[in-house]
Amino acid sequence: MFSLVDIYRDNQSIPVLSLAPCRSCRNIKQGIGSALVREGLRKCQDTGYPIVVVLGHPGFYPRFGFTPAGEKGLQLPFDALRSFMVYELSAHALDGIRGLVAYPLNLAKNRDYFYTHRWAA
Ligand SMILES: CC(C)(COP(=O)(O)OP(=O)(O)OC[C@H]1O[C@@H](n2cnc3c(N)ncnc32)[C@H](O)[C@@H]1OP(=O)(O)O)[C@@H](O)C(=O)NCCC(=O)NCCS
C-alpha cells in the first residue's frame, strides 16, 4: 500500500509517498512481492509525488532502486539505520527535499487521509 506522509523542515511540509505495508504470500516466493513493488513504483510515477520512502529490509528493497534515505538528508524520529530507504520517482527528485519524515500514528486506520493503491491478492 502506498500512503501519503509528510517531510517536515523549517515549519514547512512536503507530501511524499510511503510504501507500507508490503506483503505477499510467504509460501509462494515466485516473484509476487517483487512484481508488486515494481508495478507499484511504476504507478507512483503518475502521481506527481517526488519520492517513495520505505522502512524495510535492506536486503530486499535496494534491488528496486531504493537507497539509504539517511544519506540523502532524510531523517526519522528514531534510528532506523539502513532500513530507512528512499526511491526517487524522477531524476533529481530529491533536490531541495530534506527533513524529518513523520509517519501518522493511525497509518492503517485513517483511509480518507491517504492516497492508496491496492492490488488483488
Ligand atoms: C517481503 C515479501 C513481500 C517478498 O515477497 P516474495 O513474493 O517472496 O518476493 P519475491 O519472490 O519477489 O522475492 C523474494 C526475494 O525477497 C527476499 N525476501 C523475502 N522476504 C524478505 C525479508 N523479510 N527480508 C529480506 N529479503 C526478503 C527473498 O530472500 C528473495 O530474495 P532473492 O530473490 O535474492 O532470493 C514477502 O516475503 C512478505 O510478504 N513478507 C512478509 C511481510 C514483510 O516482511 N514485508 C516486508 C516488510 S519490509
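## Ligand environment

In this predicted model, 15 residues surround the ligand, and those that come nearest are Ser 24, Gly 33, Ser 34, Gly 56 and His 57. By residue class, the shell around the ligand comprises 8 polar, 4 nonpolar and 3 charged residues.

## Secondary structure

The protein chain contains 7 strands and 1 helix. Read from the N terminus, its elements follow the pattern β-β-α-β-β-β-β-β.

## Sheet topology

Strands of a sheet pair through backbone hydrogen bonds, in either a parallel or an antiparallel arrangement. Here, 7 strands form an open sheet with mixed pairing, in the order 4-6-3-2-1-7-5. Its edges are strand 4 (67–68) and strand 5 (74–75), each of which pairs on one side only.

Within this sheet order, strand 6 stands between strands 4 and 3. The pairing of strand 3 (residues 51–55) with strand 6 (residues 84–88) is antiparallel and extends over 5 bridges. One residue pair can be located in the structure: Val 52 has Tyr 87 of strand 6 as its bridge partner.

## Burial and contacts

Of the 121 residues in the protein chain, 20% count as buried. As for the contacts in the protein chain with a separation of 6 or more, 63% are accounted for by residues 24 or more positions apart.

Key: Residues numbered from 1 in each chain as written. Predicted model: local features only at pLDDT ≥ 70, side-chain atom pairs only at ≥ 80, totals over all residues. Near = placed C-beta within 6 Å. Nonpolar A, V, L, I, M, F, W, Y, C, P; charged D, E, K, R; others polar. Pairing = 2+ DSSP bridges. Helix = DSSP H or I, 4+ residues; strand = E, 2+ residues; numbered from the N terminus. Buried ≥ 20, exposed ≤ 12 C-beta atoms within 10 Å, placed from the backbone. Contact = placed C-beta atoms within 7 Å.
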